Amino acid sequence: MDRAQILLVGLPLFLLCTDLIHLFTPPPPKHPHHPHPHHQPQPQPHPHPQHHHHKQPPVVAHETLEAPTQKPVVGGIGLGSTVKIDFCSSCSYRGNAVTMKRMLETQFPGIDVVLANYPPSLPKRAVAKLVPVFQIGVVGIVLGGEQIFPMLGVRTPPWYYSLRANKFGTIASTWLLGNALQSFLQSSGAFEVYCDDELVFSKLREGRFPGEIELKDIVGRRLANADISNMLS
């Protein structure tokens, strides 16, 4: 076996093992965020009583330094409301979700925008777990079928010789088609927007992404209706 053949066999096997490691490795736990001690507000020292012959700045100047500590979003139109965007992370929709999040936070100060992954259905997730097993099985049969079938007490089937005649093409095709199938099974194609737990836009239903102006108007009407309901109640 020359170097070219070793490369053709080794590269798909290496990429297949990498996919298996990423597929079955659990995500790292999220550590709670602790504020840095340098960001903690320091208590202001109390001024010591001074003698009358020392000139001190007026007390009003000290009070104006503490004015910027007030939060600018107090009383914002979106205060107390939550918008949740569930999107397909394996479809590269995160950029669209982040853009919508920034737009909503700018247009409705005080609103809480949460981003989350929308997973595919359970059958698709189950089949996606079996794809790497199928890939390993095909590679194992192609490379060692002459020993595997006799050990199982099975007569070597005729189709095995066809696969063995083009083993490098079979391994490469199995790896490429398996990865494409796994990517399809892990994608949901969703971009669902909820405002206060109410679905206000669904890509699965509409078949398209919402526009920024469209989503702003939808959320704005939802917040206005919520304010009217609170006033009437």
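In this predicted model, the structure holds 6 salt bridges, among them the pairs D86 with K84, R164 with E146, and E206 with R205. In the pair formed by D86 and K84, the closest N and O atoms are 3.9 Å apart. The two partners differ in their surroundings, since D86 counts as buried at 9% relative accessibility, whereas K84, at 36%, counts as partly exposed.

The side chains of R164 and E146 meet in a salt bridge with an N to O distance of 1.7 Å. Because R164 lies in helix α5 (residues 158–165) and E146 in helix α4 (residues 122–152), this pair ties together parts that are 18 residues apart in sequence. R164 is partly exposed, with a relative accessible area of 30%, and E146 likewise counts as partly exposed, at 42% relative accessibility.

A further salt bridge joins the side chains of E206 and R205, with 4.0 Å from N to O. Here E206 has a relative accessibility of 42% and therefore counts as partly exposed, while R205 reaches 55% and so counts as exposed, the cut-off for that class being over 50%.

Helix α3, which spans residues 94–107, consists of 14 residues and reaches 20 Å from its first C-alpha to its last, a length close to the 20 Å expected at 1.5 Å a residue. Within α3, the residues A97, M100, M103 and L104 are buried. Seen down the axis of α3, its buried residues fall within an arc of 130°, and they therefore line one face of the helix. On the other side of α3, by contrast, R102 and T106 are exposed.

A buried position is also found in helix α8 (residues 212–232), where L223 is placed. The relative accessibility of L223 is 3%, and because buried means under 20%, this residue counts as buried. When its neighbours within four places in sequence are left aside, L223 is in contact with I77, G78, S81, F108, I111 and C195. With respect to D196, L223 is 27 residues away in sequence, and the two are 9.1 Å apart in space, C-alpha to C-alpha.

Technical notes:
Residues are numbered from 1 along each chain as its sequence is written. This is a predicted model: local features need pLDDT of at least 70, side-chain atom pairs count only at pLDDT 80 or more; totals for chains, interfaces and linings use all residues. Side-chain values use heavy atoms; hydrogens and water are left out. Helices (H or I, at least four residues) and strands (E, at least two) are DSSP runs, numbered from the N terminus. Buried means under 20% relative accessible area, exposed over 50%, partly exposed in between (1.4 Å probe, protein chains only). Contact means heavy atoms within 4.5 Å. The expected span of a helix is 1.5 Å times one less than its number of residues. The arc is that of the directions from the helix axis to the C-beta atoms.
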